[in-house]
Amino acid sequence: METFSIHPIGYVRERDGSKVLEVLPEYRPALDKLDEWGHVVSVWWFSGSDNPDTRSILRQTRPHQSSPGEAGTFATRSPRRPNPIGLTVAKIDRVDVEQGLVVIDRHDALPDTPLLDIKPYSPGSDRVEAPILPEWAAHWPKSREESAVFDWAKEDGKA
């Protein structure tokens, strides 16, 4: 099996109630001109879910209330997967290149999660005009803005 070496470029942090992508000093020059963009895609490691047992899970049981009883891991957003990589689209509130900080509106990852990459969100590459969803997820939000006020706890059966 081929292996790869991946090193964090920084960490997801929480500072004074704000979500922050904190970039290590050696990567801070890569932040130049990021402040010209409105949103970023951050790629990160589900470090809290990385172990041999979770990496071997290829089917997930009922990830959402309305979902089918079981689904393949690649048909879910579960952190339990062969390579526990996550991604989040976030609105940029502020970029401080000198301090290596990208202050964002929200993030899915827990504080101290390793950050693997940051890319500017570009609608020409990243947006799908008419996404196709399974019937059980057709009522989900159609944008990240709608998602911010959607009752996800109800979907996960926690409401």
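How do the residues of the lining of the largest pocket divide into nonpolar, polar and charged? In this predicted model, the split is 21 nonpolar, eleven polar and 13 charged.

Let's stay with that pocket for a moment. It holds about 2200 Å³ of space. A total of 45 residues line the largest pocket, and those closest to its centre are R77, D108, W140, S147 and W152. As for secondary structure, at least two lining residues come from each of β3 (39–45), β4 (59–61), β6 (85–96) and α3 (144–149). The top contributor is β6, which gives five residues to the lining of the largest pocket.

Next comes the second largest pocket, with about 280 Å³ of space. Its lining is made up of M1, E2, T3, F4, I6, W45, R55, P82, N83 and I85. Sorted by type, the lining of the second largest pocket has six nonpolar, two polar and two charged residues.

Now for the backbone. D16 and K33 are worth a look, and here they are side by side:

| Residue | Phi | Location | Relative accessibility |
|---|---|---|---|
| D16 | near 50° | loop between β1 (10–15) and β2 (18–23) | 84%, exposed |
| K33 | near 75° | loop between β2 and β3 | 47%, partly exposed |

For D16, that phi is a positive value in a residue other than glycine. The phi of K33 is likewise positive, and K33 is not a glycine either. D16 counts as exposed because its relative accessible area is 84%, and the cut-off for exposed is over 50%. K33, at 47%, is therefore partly exposed.

Definitions and conventions:
Residues numbered from 1 in each chain as written. Predicted model: local features only at pLDDT ≥ 70, side-chain atom pairs only at ≥ 80, totals over all residues. Heavy atoms only, no water. 1 Å grid on protein atoms, 1.4 Å probe; cavity = no way out; pocket = protein on both sides within 12 Å on 5 of 7 lines; lining within 4 Å. Points joined across faces, edges and corners; volume = space filled by probe spheres on them. Helix = DSSP H or I, 4+ residues; strand = E, 2+ residues; numbered from the N terminus. Nonpolar A, V, L, I, M, F, W, Y, C, P; charged D, E, K, R; others polar. Buried < 20%, exposed > 50% of the residue type's maximum accessible area, 1.4 Å probe, protein only.
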